[in-house]
Amino acid sequence: DAVERGEYRHYMQKEIFEQPRAVADTLESRIGPHGVLPNIFGVGGDELLAKVQGIHIVACGTSYHAGMVARYWIEEFARLPVSVEVASEYRYREVVVPPGTLFVAISQSGETADTLAAMRESRRRGYLGTLAICNVPESSVVREADLKLMTRAGPEIGVASTKAFTTQLTALALLTLQLAQQRGLEATRYADLCQQLISLPRAIERALALEPQVVELSARFIHRQHALFLGRGAQYPVALEGSLKLKEISYIHAEAYPAGELKHGPLALVDEEMPVVAVAPSGPLLDKLKSNLQEVKARGGELIVFAAGDAGMDAETGKGVALRLDPVGEFIAPAVFTIPLQLLAYHVAVLRGTDVDQPRNLAKSVTVE
Ligand code: G6P
């Protein structure tokens, strides 16, 4: 066990640091200088994807958050309608399936009971086809899908998922690019998105270099009972994932909200006892996010902001702290901004002395309903 963990104290930390490699492996022989390579989803995959008119994504836990990011991407770049739902709801609901809809299951293990059952149920619901995004080639979800794109994260031991998530985002980014190109995304835009994706392993490496600063700020959370995470657009699911990581392994009650919803409830909770973590890359929603954060500051909330270096956030945090990341393209920003949130959850849990790799009451793979 100690040998496998090498220099790392926990599997989770090792797996966080394996992400540049895992993402690079997931891109390997799937994207080249001219874009996504043919039929990476399996034989006849491109032909089937060309017919897709809409997408239903189904998953659980962290995999569900990856699906939520993909909805923003696919709707923006491929202009296809996308719905995302947790498998335990999807399977018992009378879902309406418009003609030409693709069913996408996302699962690290490929054995999650609800996701598998949802996929089996989808067979009766008249989809165009099914696509599995999964980390385990011989798993049930992969065996039963028409098309598949394997993430190549390698074995993930820590119960709290890290490298599985960023490799799922990578696979979903490839799906987005394929769908977008088939639907006439402008060539220069397509080339720019491909370049961003190819640069993702390096960008993750640079984000990992922030670990010492994250260690420092994690001390602010040791005695906290609650934390609120905020993001907008594709960073909202990133905020959800950050809050899930924190609650899973540090046992701090954490919630995530789209920043625009702050006024509709969670603002009532904000006081000096409530740290507010915000993900703030540059982009068209930055000014709106800044004004949301002003509201937190005005109520004495402690702001912890992960911002692009060029976002001009330092002045916004008051007694809080802004941690700067290198600016990255908007497409890959969700994967990059996930990294400091994983590191934050990890180091808060270490400081609180919890069983990081095996949090109480949770299982790596939930194979019974
Ligand atoms: C469990 C794990 C999570 C995981 C979820 C879905 O809750 O603890 O880390 O995200 O299952 O698992 P899957 O293997 O389907 O991605």
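Which residue is the bridge partner of Ala-308 in E12? The views below lead to the answer. Residues are numbered from 1 along each chain as its sequence is written. The model is predicted, so local features need pLDDT of at least 70 and side-chain atom pairs count only at pLDDT 80 or more, while totals for chains, interfaces and linings use all residues.

**View 1. The sheet and its edges.** Here 5 strands form an open sheet with parallel pairing, in the order E9-E8-E10-E11-E12. Strands (E, at least two residues) and helices (H or I, at least four) are DSSP runs, numbered from the N terminus, and two strands pair if DSSP finds at least two bridges between them. Strand E9 (253-258) and strand E12 (321-325) stand at the edges with a single partner strand each, so one side of each has no neighbour in the sheet. On average, neighbouring strands are turned by 15 degrees against each other, direction ignored.

**View 2. Strand E11 beside E12.** Strand E11 (residues 302-308) runs parallel to E12, and 5 bridges join them. Now for the opening question: the partner of Ala-308 in E12 is Leu-325. Helix H13 (residues 235-250) packs on the sheet, touching strand E8 (226-231), E9 and strand E10 (275-280). Contact means that C-beta atoms, placed from the backbone, lie within 7 Å. The direction of H13 makes about 175 degrees with that of E9; axes are lines fitted to C-alpha atoms, for helices over the stretch in contact, and angles run from 0 to 180 degrees between N-to-C directions.

**View 3. The buried side of helix H3.** In helix H3 (residues 19-27), the buried residues are Gln-19, Pro-20, Ala-22, Val-23, Thr-26 and Leu-27. They cover an arc of only 165 degrees around the axis, which puts them on the same side of H3; the arc is that of the directions from the helix axis to the C-beta atoms. A residue is buried if 20 or more other C-beta atoms lie within 10 Å of its own, exposed if 12 or fewer, and partly exposed in between, with C-beta atoms placed from the backbone. The packing partners of these buried residues include helix H2 (11-17) and helix H9 (163-182). Just after H3, Ser-29 takes a positive phi of about 55 degrees.

**View 4. Ala-363 and Ala-160.** Ala-363 lies in the segment after helix H15 (333-352). Ala-363 is exposed, with 10 other C-beta atoms within 10 Å. Ala-363 and Ala-160 are 203 residues apart in sequence, and 9.1 Å apart in space, C-alpha to C-alpha.

Note on methods. Contact = placed C-beta atoms within 7 Å.
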